[in-house]
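Visitor: I'd like to walk through the charged pairs and the chain contact here. Can you take me around?

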Amino acid sequence: MSHDNPSRRDFLKTLAVAGATVGAAGTVGLTAGGERLGQPMSGGIYRRPWWVRQVAQPTTGIDWTRIERFNAENTLLGRGLGRYTTAEENERLNLSYQENERRRLTNGEQGFSLRENALHNAFDSVRDGMARSFLGPQLAPTPAEQGLESWQGSAEENTALLKVAMRQMGASTVGVVRLDDNTRKLIYSVDHDGKRIEFEDIERAYEDDDKRVIPYRAQWVVVYTVQMSEIALKRAPTKIAQITTTETYQRGLMIQNNTQEFLRGLGYQGLGEATLNGLGIAPAFAVLAGLGELSRLNRVITPEYGPMVRIFKLITDLPLEADSPIDAGIARFCRACKKCAEACPPSALSFETEPNWVPVGEWNNRGHEAWFEDSVRCKRYWHEELGTNCGICFSVCPFSKQNASFMHDLIRMQIATVPELGGIVRNLDDAFGYGVQKNPNEWWTLDLPEYGIDTGKD
Amino acid sequence: MSQPTAPKGDTDTQYHNVRIRRRTMAEWCLWLLWLITLVVLAEFALTSFAEHERQAGTLASMLAFGWLLGGVIVEVMKGLELHDTADTARFDGETDTTED
């Protein structure tokens with residue numbers, strides 16, 4: 001056969017195969033070069049992969065006219081189950097939690113024995129002993145005390161400065177939300193400890209026995225995530241999973257204190273969470289700050305770490321550049337997946353394909369679209385069955401992946417760009433054994449990275 | 001195309017036959033596709049074990065090994081096919097006078 005004059009069949013065959021090869025090579029190349037081609041977040045330091053698009057509106061709807069400031073005491077964290085059950089039932093559930101915990105400890109059950117208990121109590125007690133306040137420790141010297149002017153920089157410079165500093169402190173991702181008439185509604189009206197949170201036209205924030213007052217000039221909410229250990233949380237529901245939750249809250253508090261003092265050192269205010277998860281609605285701020293999307297878990301799923309994060313916030317008057325919400329195909333994927341809802345033992349999560357506007361109970365605020373969960377069912381399960389917190393939904397989520405493998409980036413890119421294949425991705429996730437509970441005893445034999453986390457974003 | 005012929009009286013043991021087969025562009029593309037897939041699967045297998053995901057690592061390793069084996073088998077089969085069907089030729093530096 002002569003190679004100089006290919007037949008039409010050979011030509012078309014060559015074209016098709018060459019096209020497939022260019023497609024495959026291009027897909028791999030585009031994924032590998034994802035961040036280089038992506039948009040930076042505000043401040044210009046951190047660049048996301050190109051398939052994480054910045055958008056004007058979040059991927060789940062918000063109706064600001066229907067949102068009102070929320071009383072944190074209505075959450076399950078506030079007055080907890082006592083808000084939604086009788087006093088007797090609440091007492092019974094608390095006893096049940098203690099009995100379950102005690103029984104598992106005494107019997108030395110996997111993931112609940114003395115060593116797990118001791119490690120969790122270590123993180124818990126140290127965290128409870130750490131200083132936490134709305135105004136901050138107020139120990140670092142201010143510029144004025146050093147005979148200097150307060151730091152002056154552009155909004156972009158300040159944002160870069162703060163984000164770099166907070167990364168050094170241990171924050172995984174950092175975003176900014178501008179407070180306006182709408183977003184102020186996401187600040188709790190009453191904090192978990194019963195103190196009102198109010199806004200006044202004053203220079204300096206203050207706190208008294210009844211309230212915490214935020215100056216209107218403190219216009220920027222700094223939202224940050226702290227990564228949990230996926231290695232530990234895949235042992236849910238055991239004390240090992242609870243360990244990483246508690247330890248992450250500890251790191252989040254340390255970052256808050258450091259950031260408040262850093263801002264003080266620059267000559268600005270940093271107003272933090274005076275109570276655990278206090279001040280404002282963390283998932284809402286995280287969505288608006290572009291840290292992730294609201295998911296079927298009714299928590300934020302981040303492009304980098306999935307739901308394996310805890311979210312914190314503080315308010316400052318340091319002029320910053322706000323971030324935008326993102327669309328990484330996460331909420332779209334949740335419509336097809338439903339893995340968390342299927343795995344939830346008390347069926348507390350929504351099975352609806354589409355999110356809706358109607359909360360299941362008063363523990364959620366109105367005015368936004370979500371896959372609302374039955375938090376009382378969830379919390380009851382912790383008390384009646386577990387004797388620890390749960391986290392199964394976090395551990396089975398297909399986005400709960402470490403970042404060592406290139407394949408995970410390929411899948412995330414495909415989820416964002418070809419949502420029609422979501423069902424196949426979900427099935428592959430099952431086939432490859434992701435989401436299966438890992439052996440709790442095995443955790444104690446692993447060569448763990450620091451904090452049990454991989455700090456690489458891809 | 002002219003084919004070199006062995007000199008008269010020569011034996012098989014004195015010469016090696018080297019045949020360089022031209023691959024089509026389509027073949028080269030398929031092999032590149034195969035190589036890209038193999039690299040991705042192999043990386044997935046190794047990093048899955050690093051991530052303590054044993055089931056994923058095992059499955060990915062099997063896929064990678066199967067893909068590698070498949071490529072080797074195809075290449076070997078193609079080679080055998082050509083060996084069976086082609087005429088054996090010897091190159092002795094003499095111009096072949098056989099017409100096309």
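Guide: Sure, one term to start with: a salt bridge is a side-chain nitrogen of Lys or Arg within 4 Å of a carboxyl oxygen of Asp or Glu. Keep in mind that this is a predicted model.

Visitor: How many salt bridges are there between chain B and chain A?
Guide: One of the pairs that qualify is Lys438(A) with Glu53(B), at 3.0 Å from N to O. Glu442(A) with Arg54(B) also makes the cut, the closest N and O atoms being 2.4 Å apart. The count between chain B and chain A comes to 3 salt bridges.

Visitor: Is Glu53(B) buried or exposed?
Guide: This residue's salt-bridge partner is Lys438(A), and the pair crosses between chains, with Glu53(B) in the loop between α1 (25-50) and α2 (54-85) of chain B. Lys438(A) has a relative accessible area of 13%, which makes that end buried. The cut-off for buried is under 20%. At 3% relative accessibility, Glu53(B) is buried.

Visitor: Which element gives the largest share of the side of chain B that touches chain A?
Guide: The contact takes 22 residues from chain B and 29 residues from chain A. On the chain B side, α1 and α2 each supply at least two residues. The largest share, 12 residues, comes from α1(B).

Visitor: Which three residues supply more of the area that chain B buries against chain A than any other three?
Guide: Chain B and chain A bury about 2200 Å² between them, and 67% of that is on carbon and sulfur atoms. Of the area that chain B buries, 28% is down to one trio: Phe44(B), Glu51(B) and His52(B).

Visitor: Now chain A by itself. How far apart in sequence are the parts that Arg217(A) and Asp317(A) tie together?
Guide: The side chains of Arg217(A) and Asp317(A) meet in a salt bridge of 2.9 Å, N to O. Arg217(A) lies in the loop between β5 (211-215) and β6 (220-227), and Asp317(A) in the loop between β10 (309-316) and β11 (326-327), so the parts they tie together are apart in sequence by 100 residues.

Visitor: And which residue forms a salt bridge with Glu373(A)?
Guide: Glu373(A) is buried, with a relative accessible area of 5%. The partner is partly exposed at 33%, and the closest N and O atoms are 3.3 Å apart. Glu373(A) lies in the loop between α9 (339-343) and α10 (375-386) and the partner in the loop between β8 (293-294) and β9 (300-301), so the pair ties together parts that are 74 residues apart in sequence. That partner is Arg299(A).

Visitor: What about β5(A): how many of its residues are buried?
Guide: Lys211(A), Val213(A) and Pro215(A) point one way, Arg212(A) and Ile214(A) the other way, and all are buried. That gives 5 of 5.

Visitor: Which strand pairs with β5(A) in the parallel sense?
Guide: β4 (residues 206-207) of chain A runs antiparallel to β5(A), joined by 2 bridges, and a hairpin links those two through 3 residues. The parallel partner makes 5 bridges with β5(A), and Glu198(A) stands opposite Val213(A) in β5(A). The strand you want, residues 196-200 of chain A, is β3.

Notes:
Residues are numbered from 1 along each chain as its sequence is written. Chains are lettered from A and ligands numbered from 1 in the order in which they are written. This is a predicted model: local features need pLDDT of at least 70, side-chain atom pairs count only at pLDDT 80 or more; totals for chains, interfaces and linings use all residues. Side-chain values use heavy atoms; hydrogens and water are left out. Helices (H or I, at least four residues) and strands (E, at least two) are DSSP runs, numbered from the N terminus. Buried means under 20% relative accessible area, exposed over 50%, partly exposed in between (1.4 Å probe, protein chains only). Contact means heavy atoms within 4.5 Å. Buried area is the accessible area (1.4 Å probe) that two parts lose on being put together, summed over both. Two strands pair if DSSP finds at least two bridges between them.
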